[in-house]
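Welcome to the tour! Open your viewer, get comfortable and follow along one selection after another.

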Amino acid sequence: MTAFKELVGIEAAKYVKSGMIVGLGTGSTAYYFVEELGRRVKEEGLQITAVTTSSVTSTQATRLGIPLKGIDEVISVDLTVDGADEIDPSFNGIKGGGGALLMEKVVATYTKEYIWIVDESKMVQQLGAFKLPVEVVQYGAENLFRHFKAKGYQPTFREKDGKRFVTDMQNFIIDLDLKKIENPKVLAQELDATVGVVEHGLFNGMVNKVIVGGAEGVRTLDV
Ligand code: 5RP
């Protein structure tokens with residue numbers, strides 16, 4: 001699996017050209033993309049500016065000598081490469097397994113060309129087996145949890161090291177165990193309209209290209 005992640009990370013880095021503003025995703029697959037960009041900056045003199053989607057990726061990019069800017073210091077991002085947790089045949093996706101969904105969606109929103117890099121296991125017929133992350137403000141989070149529970153969404157607060165996980169944006173994450181999401185767009189609208197929800201992990205119709213790694217090699221799907 002790690003080998004596939006590295007392969008797609010390296011493949012995605014081929015789309016990066018000097019002069020670009022590049023969005024750097026978060027997670028174990030995006031990690032390899034960022035490593036390859038770092039190598040190209042160092043060995044090939046690639047000249048880019050990057051914006052990142054998490055503090056973890058910022059630390060990695062800084063270590064690699066990739067110049068960074070904040071999202072508000074750029075008008076738009078030329079290309080963003082990120083991982084995903086599930087992708088359905090209509091290219092709706094779930095993201096946020098790494099807890100960075102809010103920053104990831106903000107960066108994706110200002111991005112011209114948005115690429116996901118995944119291994120074959122992430123390509124599914126229907127979203128929902130992966131728990132849907134929902135980022136919520138801390139104020140009123142228990143009531144929001146009860147609201148999701150009453151709706152039958154089987155919520156759990158995300159935890160890390162035995163404590164409630166707090167995102168880079170200082171919010172909590174409630175994971176919804178939905179099993180099957182019948183209509184991702186309708187669910188997204190519902191969550192968008194729920195007070196206290198800052199963002200959710202449904203990334204519907206946002207991606208432009210998916211690079212998939214599997215036993216038969218790398219395939220690139222244009223959306
Ligand atoms: C982080 C994410 C990741 O991109 C997603 O969870 C995929 O991660 P990985 O490549 O480690 O499987 O959305 O918030």
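Ala, Val, Leu, Ile, Met, Phe, Trp, Tyr, Cys and Pro count as nonpolar, Asp, Glu, Lys and Arg as charged, and the others, Gly among them, as polar. With that sorting, the shell around the ligand divides into two nonpolar, nine polar and five charged residues. This is a predicted model, where local features need pLDDT of at least 70 and side-chain atom pairs pLDDT 80 or more, while totals for chains, interfaces and linings use all residues. Residues are numbered from 1 along each chain as its sequence is written, and side-chain values use heavy atoms, without hydrogens and water.

Select the ligand next. It is surrounded by 16 residues (a heavy atom within 4 Å), and among the closest are Ser-28, Asp-85 and Lys-122.

Now show the polar contacts (pairs of N or O atoms within 3.5 Å). A polar side-chain atom of Lys-95 lies 2.9 Å from a ligand oxygen, and a side-chain N or O atom of Glu-104 is 3.0 Å from a ligand oxygen. At Gly-99, a backbone N or O atom lies 3.4 Å from an oxygen of the ligand.

Finally, colour the domains, whose bounds come from an automatic or database assignment: domain 1 is 1–124 + 204–216 and domain 2 is 132–200. Their centres, taken over C-alpha atoms, are 24 Å apart. Where they make contact (heavy atoms within 4.5 Å), domain 1 gives 15 residues and domain 2 gives 17.

How values were computed
A polar contact is a pair of N or O atoms within 3.5 Å; within protein, one must be able to donate a hydrogen and the other to accept it, and residues adjacent in sequence count only if both atoms are side-chain atoms.
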